[in-house]
Amino acid sequence: MQIKTITCHDVYNHGASLQAYALQTYLESLGHTVEIIDYKPDYLSRHYLLWSVDNPVFDKPLVKQLYLLAKLPERLIALKRKRLFDEFTKKYLQLTSKRYHSNEELKAEPPLADMYIAGSDQIWNTLFQNGRDAAFYLDFAPASAKQISYAASFATEDVADEYRPFVRRMLQNFDAVSIRERCSLPLLTTLGRADGIAVCDPVFLLSNAQWESLLPQQQNKEKYLLVYDTEFTSKVKEIAKRIAKEKNLKIYNVSASRIGYADKDLWISSPINFVQLIRDASYVVSNSFHASAFSIIFERDFCVINRSEDINERMKSLLSNYELEERLVAGYSENILKPIDYQQVRPQVQKDIEYSKEFLNQSL
């Protein structure tokens, strides 16, 4: 079967790249021909611009020039990180030959397939533009083809009233709807899809051994705590330093930029490096869904810190699935020093994976 998936696959985020790869790889393992639609609207194409002014306070004559000159050295270094992501995309992701920049382009010349899948991650988060983009609801797909979602995420408890009619209308065309967070099922019902189910993120569809096959066999011998901070908060810093001191661990950083308190700043890392660093870590501190997911896959001790944005539902749902709610914290607690009992967690994860694979198998 010819399958086309659509997701935020090229946004220079470790989790986004890895979940796109995982869904593609699992579907290919079932014997299907799979391509990710190379969809890059303008709002997803602004990464690593050398001459952009991120803060409007500095977007003034002369001040702008001084701001850009000050930022230039770090931005030039950051291009190395961009190249690593681009290399991952080229090597591991099967993209359509044509790049699309709008839903209108997709509707005018849709990539042909027997089935279309709206993929995982926060594609339906209406706090972001992608959640308000009809393309991520398969608006362009021919009516004759089957259309499903796999582990799509709203990421929030609710959808603002102004967007609800749009989302409700978009969801009606799906033959089957699955989302990533169980806690979003009531929301899905209010949006007209009481038949929706919750499934695991695509990264869980690949076995530990399949992820290991991508990584160097030799493991890092130094004992370290890995930090992946998407917001660069004092809270992550405080908790990471406290745990590292209690457990006598070095601090490694794999965030998208340097942090001042790490023993090793590994921010110029590819998605493969990200997975390897989690595999080899003694402890993982993050505010990231996928850092938590890979910590579970490799059975690492970890904690995840509440985000300042209203998108913590995805972490809450993931952890509650496996009775790990105490790992989502707002501050330091001695409870997060305790090792996780993965003998208890493992059967629950496997049950979730089998249920999710069954959904895909039936849909296909």
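Select K40 and D10 to start: a polar atom of the K40 side chain sits 2.7 Å from the backbone oxygen of D10. A polar contact here is a pair of N or O atoms within 3.5 Å; within protein, one must be able to donate a hydrogen and the other to accept it, and residues adjacent in sequence count only if both atoms are side-chain atoms. You are looking at a predicted model, in which local features need pLDDT of at least 70 and side-chain atom pairs count only at pLDDT 80 or more, while totals for chains, interfaces and linings use all residues. Residues are numbered from 1 along each chain as its sequence is written, and side-chain values use heavy atoms, with hydrogens and water left out.

**Around K40**

Stay on K40, in the loop between β2 (33–39) and α2 (63–92). Helices (H or I, at least four residues) and strands (E, at least two) are DSSP runs, numbered from the N terminus. K40 has a relative accessible area of 6%, so this lysine counts as buried; the cut-offs are under 20% for buried, over 50% for exposed and in between for partly exposed (1.4 Å probe, protein chains only). Show its neighbours next: leaving out residues up to four places away in sequence, K40 touches D10, S45, R99, Y100 and H101. Contact means heavy atoms within 4.5 Å.

**Two backbone stops**

Now pick Y12, in the loop between β1 (2–6) and α1 (14–29). Y12 is not a glycine, yet has a positive phi of about 60°. Its relative accessibility is 11%, so Y12 is buried.

For a contrast in exposure, go to N248, between α7 (234–247) and β9 (250–253). N248 is also not a glycine and has a positive phi, of about 55°. With a relative accessible area of 69%, N248 is exposed.

**L206 and its distant partner**

Select L206 and Y26 together. They are 180 residues apart along the chain, but their C-alpha atoms are separated by 6.7 Å. L206 belongs to the loop between β7 (197–198) and α6 and is buried, at 4% relative accessible area. Not counting residues up to four places away in sequence, L206 touches Y21, A22, T25, Y26 and W211.

**Helix α9 and the second largest pocket**

Move to α9 (289–297). How many of its nine residues are buried? Nine of the nine are, so α9 is largely enclosed by the rest of the structure. At its N-terminal end, S288 acts as a cap, with a side-chain oxygen 3.2 Å from the backbone nitrogen of H290. Just after α9, look for E299, where phi is positive at about 55°.

From here, turn to the second largest pocket, with a volume of about 260 Å³. On a 1 Å grid over the protein atoms alone, a pocket is an open set of points with protein on both sides within 12 Å along at least five of seven lines, a cavity is a set where a 1.4 Å probe fits but cannot get out, and lining residues have an atom within 4 Å of a point. Grid points are joined across faces, edges and corners, and a volume is the space filled by probe spheres set on the points. Of the 16 residues lining this pocket, N208, I297, V349, Q350 and I353 lie nearest its centre. α6 (208–212), α9 and α11 each supply at least two lining residues, and α11 gives the most, with seven.

**Helix α10 and the cavity**

Next, highlight α10 (residues 313–321). Seven of its nine residues are buried, so α10 too is largely enclosed by the rest of the structure. Its buried residues are covered by elements including α9, β12 (301–305), β13 (328–329) and α11 (342–363).

The structure holds one cavity of 30 Å³ or more, with about 90 Å³ of space. Among its 15 lining residues, the closest to the centre are R180, V199, C200, N321 and D352. α10 contributes the largest share of the lining, four residues.

**Last stop: the cysteines**

How many disulfides does the structure hold? Zero, where a disulfide is a pair of cysteine sulfur atoms within 2.5 Å. Select C183: the closest cysteine sulfur, in C200, is 15 Å from its own, too far for a bond. C183 is partly exposed, at 39% relative accessible area. Finish at C303, which is buried at 0%; its sulfur lies 20 Å from the closest cysteine sulfur, in C183, again too far for a bond.
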